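The report below begins with the surroundings of a single residue and then widens to the helix that follows and to the annotated segments.

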Amino acid sequence: MSDALDIALRLVAVFVVFLVFPLVIGQTEHKVMAHMQGRLGPMYAGGFHGWAQLVADGVKFAQKEDIVPAGADRRIFQLAPAVALLPYLLVLVAIPIGPHNAVGQALDAGIFFVLAVMGVGVLGSLMAGWASANKFSLLGGLRTAAQLLAYELPMLLAAASVAMAAGTLSLPGIIEAFHWWWVPWQIVGGVVFFTAGLAELQRPPFDMPVADSEIIFGAYTEYTGLRFALFLLAEYAGIVVLCALTSVLFLGGWHGPFGADGLGWLWTLLKTVILAFGVIWLRVTYPRLREDQLQKLAWTVLIPLALAQIALTGVVKVVISS
């Protein structure tokens, strides 16, 4: 009975994080972009500092008509938002937030699990583009597929470097093996991992699949109301997952300067929030890459850097063991 209760409490905690944190990221993005770009709209709703902007957005999406194009593959069209969103819920189950087994479910091959399931989330965009019976949506879906193929490899290679250094595929095991002197020689892998993750999420400046100036809104062009809101929620959930994974793999997770006991979850949260702020900052700082520039960055920059990081990790491991 106690085991069943423990599992239930862990799943409830993961579900609460899944429901709350992406909304917090979305609200924060409104406010940060408003300050950085001098936008008045997000500061207006509700009075003080536009506190009701998120509520206003939710009401707006709920009131919009749910339209399915006449030529669309109805079942695939309706299923795509769920396929884009739910994988991130599964990934959160495996991400540790603190010591003493503070994780939904510890997995021996946790790093393989989270990367594989994150790749499934991109299929939602492919399904949406294919099923919409719209040429702009199809082009967005094709760009999504090309981006996934290009950036999945450097992301996997960068994560493999950390697994080599720790000698385990378990996410809690990687954190337990972490030492602060890892940061300087794993930082290149961290940058590669984070950059590739942003590209898979189609976040600026890697948002060519949803380039509004070229293909309206890519694979999501025909979506309205709550189905469109689910795609936006999937994007923000992806930001939470990417930032949490980066903090776990490359920044020591729950390790902090004052010890982990009791404050471990706070250090994980702090690192995740700082990285999420960086994601928002990048959106308002850099212009969108062209499709050829986007592919060139992956194949000629990120993949060689990830391979060099693996080679460096191998050398360091040999030197340490000898």
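Leaving aside residues up to four places away in sequence, Ser132 touches Pro69, Ala72, Phe77, Ser137, Ala219, Glu222 and Tyr223, where contact means heavy atoms within 4.5 Å. This is a predicted model, in which local features need pLDDT of at least 70 and side-chain atom pairs count only at pLDDT 80 or more, while totals for chains, interfaces and linings use all residues. Residues are numbered from 1 along each chain as its sequence is written, and side-chain values use heavy atoms, with hydrogens and water left out.

Ser132 lies in the loop between helix 5 (123–131) and helix 6, helices being DSSP runs of H or I with at least four residues, numbered from the N terminus. Because its relative accessibility is 0%, Ser132 counts as buried (under 20% relative accessible area, with a 1.4 Å probe and protein chains only). The side chain of Ser132 reaches the backbone oxygen of Ala128 at 2.5 Å.

At the N-terminal end of helix 6, Asn134 acts as a cap, with a side-chain oxygen 2.7 Å from the backbone nitrogen of Phe136. Helix 6 (residues 135–166) has 32 residues, which at 1.5 Å a residue should span 46 Å, in agreement with the 46 Å between its end C-alpha atoms. Helix 6 nevertheless bends by about 30 degrees at Tyr151, and Pro154 follows within four residues. Just after helix 6, Gly167 takes a positive phi of about 75 degrees.

The unreviewed UniProt entry annotates several ranges as "transmembrane region", including residues 76–97 and 264–285.

| Residues | Helix | Strand | End C-alpha distance |
|---|---|---|---|
| 76–97 | 86% | 0% | 35 Å |
| 264–285 | 100% | 0% | 32 Å |

Key
UniProt positions renumbered as here; feature names shortened; annotations may be inferred. Helix = DSSP H or I, 4+ residues; strand = E, 2+ residues; numbered from the N terminus. Expected span 1.5 Å × (residues − 1). Bend = angle between axes of the 7 residues up to and from the residue. Polar contact = N/O pair within 3.5 Å; in protein donor to acceptor, adjacent residues only side chain to side chain. Buried < 20%, exposed > 50% of the residue type's maximum accessible area, 1.4 Å probe, protein only.
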